[in-house]
Amino acid sequence: MDKDIYGLVGNSIAHSLSPTIHNSLFEKYNISSEYKLFEVKNLASIKKVLCKDRIKGLNITKPFKIDIIDYLDSLDDEADKIGSVNTVLKSERELRGYNTDGIGAKNALKQFTEVKNKKILQLGAGGAGRAIAYELSKFNDVVVLNRDESKAKRLEKFVFKGLKLNESNLKDFINWCDILINTTSVGMGEERSLIDSRMLNEDIVVLDIVYIPLETKLLRDCKKVGCRTIDGLWMLVYQAVECFKLWTGIEPDPIYMRKVAREWIR
Ligand code: ATR
């Protein structure tokens with residue numbers, strides 16, 4: 001019998017670790033399915049992927065997390081509130097959209113710290129940032145700083161404050177926060193951080209959702225100061241845990257998933 005197909009749809013996704021993670025889970029749990037990459041340049045091509053018979057589920061990434069919604073039959077409540085989708089479940093009846101980015105970040109943090117009644121400073125209000133801010137705002141005070149202030153302001157329907165990313169706000173809110181999260185792409189494949197290391201203090205727990213490199217400049221600077229740090233591979237793994245649960249009903253082992261993915265990252 002032909003295998004069911006799952007996959008990632010996006011632009012410039014050749015280096016994604018999702019096939020490694022999901023294919024090793026299919027093998028581990030004896031599921032005869034395969035996870036593939038679908039590199040697409042436009043929305044019309046996504047429609048073709050969605051229509052393929054053997055497709056049972058998809059992850060959606062940049063730059064289609066918002067526009068994909070027009071092609072779906074229904075949205076999970078949370079994805080609807082966030083306004084973006086990173087996971088699609090295809091049943092006989094319908095294509096349904098979910099967002100697992102927020103819960104992925106929360107569960108990554110929970111391995112290292114309590115995530116309730118905390119003061120959280122989040123840098124970035126892009127696709128992933130939106131989902132993370134929404135999820136964490138349920139039980140915490142979240143301040144979002146973003147280069148484009150209007151995107152931060154738009155999040156004020158969930159978060160405590162959404163402000164312009166600048167030096168003065170960074171200084172003030174780093175001193176205020178218990179947890180700092182970088183959801184911007186700054187530091188991805190480059191030796192750069194938005195934060196001058198002199199602003200940091202050892203009491204903050206820091207999550208960087210960038211995972212290439214695994215130790216970003218931000219995380220290295222934070223370690224030097226004595227902060228507890230959490231790398232972006234934890235977030236990738238925990239968002240994938242939620243996808244795999246949606247697609248198969250099985251709760252996979254995150255430690256195994258991290259080990260498999262870790263072998264692929266230098
Ligand atoms: P993703 O889906 O991974 O969240 P995205 O939606 O493109 O990707 O969001 C990228 C985030 O990184 C945004 O918050 C972006 O800020 P803007 O909204 O102002 O564009 C942020 N970002 C990217 N490059 C940046 C830079 N050089 N300085 C500050 N923020 C940056």
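The exercises below, each with a worked solution, concern a predicted model.

**Exercise 1. Overall build**

Determine how many helices and strands the chain has, and how its radius of gyration stands against the globule rule.

*Solution.* Begin with the secondary structure: the chain contains ten helices and twelve strands. Next, take the radius of gyration, which is 18 Å; the globule rule gives 18 Å for 266 residues, so the chain is as compact as a globular protein of that length. The C-alpha trace spans about 60 × 35 × 30 Å along its principal axes. Then consider burial: 54% of the 266 residues are buried. Finally, turn to the contacts between residues at least 6 apart in sequence, of which 61% join residues at least 24 apart.

**Exercise 2. The open sheet**

State the strand order of the open sheet of six strands, and identify which strands stand at its edges.

*Solution.* The order is β2-β1-β3-β5-β6-β4, and the pairing is mixed. β2 and β4 (74–75) each have a single partner strand, so one side of each lacks a neighbour in the sheet, and these two stand at the edges. Helix α9 packs on this sheet and touches β1, β2, β3 (55–60), β5 (87–90) and β6 (95–98). The direction of α9 makes about 10 degrees with that of β5. For the pairing of β2, note that β1 (residues 4–10) runs parallel to β2 and is joined to it by seven bridges. One residue pair illustrates the register: glycine 10 has glutamate 39 of β2 as its bridge partner.

**Exercise 3. Two aromatic pairs that involve α9**

Classify the ring pair of tyrosine 29 and phenylalanine 244 by its geometry, and do likewise for tyrosine 35 and tryptophan 247.

*Solution.* A pair of aromatic rings is described by the distance of the centres and the angle of the planes. The whole structure holds ten aromatic pairs. For tyrosine 29 and phenylalanine 244 the centres are 6.0 Å apart and the planes meet at 40 degrees, so this pair is tilted. Tyrosine 29 belongs to the loop between α1 (18–28) and β2 (33–39), and phenylalanine 244 to helix α9 (residues 232–248), so the pair ties together parts 215 residues apart in sequence. The accessible areas are 25% for tyrosine 29, which is partly exposed, and 0% for phenylalanine 244, which is buried.

For the second pair, the rings of tyrosine 35 and tryptophan 247 have centres 6.1 Å apart and planes at 45 degrees; an angle between 30 and 60 degrees counts as tilted, so this pair is tilted. Tyrosine 35 in strand β2 and tryptophan 247 in helix α9 are 212 residues apart, and their pair links distant parts of the chain. Tyrosine 35 is buried at 2% relative accessible area, and tryptophan 247 is buried at 8%.

To complete the picture, Tyr6, Phe26, Tyr29, Tyr35, Phe244 and Trp247 form one aromatic cluster.

**Exercise 4. Charges over rings**

Find which ring face lysine 28 lies over, and which one lysine 116 lies over.

*Solution.* Lysine 28 is placed over the face of tyrosine 29, 5.7 Å from the ring centre. Lysine 116 is placed over the face of phenylalanine 139, 5.1 Å from the ring centre.

**Exercise 5. Surroundings of serine 33**

Decide whether serine 33 is buried or exposed, and list the residues that serine 33 touches.

*Solution.* Serine 33 is located in strand β2. Its relative accessibility is 8%; the cut-off for burial is under 20%, so serine 33 counts as buried. Leaving aside residues up to four places away in sequence, serine 33 touches Lys3, Asp4, Tyr6, Asn23 and Phe26. Tyr6 and Phe26 are among the members of the aromatic cluster.

Conventions: Residues are numbered from 1 along each chain as its sequence is written. This is a predicted model: local features need pLDDT of at least 70, side-chain atom pairs count only at pLDDT 80 or more; totals for chains, interfaces and linings use all residues. Side-chain values use heavy atoms; hydrogens and water are left out. Rings of Phe, Tyr and Trp (its six-membered ring) pair if their centres lie within 6.5 Å; planes under 30 degrees apart count as stacked, over 60 as edge-to-face and the rest as tilted. Helices (H or I, at least four residues) and strands (E, at least two) are DSSP runs, numbered from the N terminus. Buried means under 20% relative accessible area, exposed over 50%, partly exposed in between (1.4 Å probe, protein chains only). A charge sits over a ring if NZ of Lys or CZ of Arg is within 6 Å of the ring centre and within 35 degrees of the ring normal. Contact means heavy atoms within 4.5 Å. Two strands pair if DSSP finds at least two bridges between them. Axes are lines fitted to C-alpha atoms, for helices over the stretch in contact, and angles run from 0 to 180 degrees between N-to-C directions. The radius of gyration is taken over C-alpha atoms; the globule rule is 2.2 Å times the number of residues to the power 0.38.
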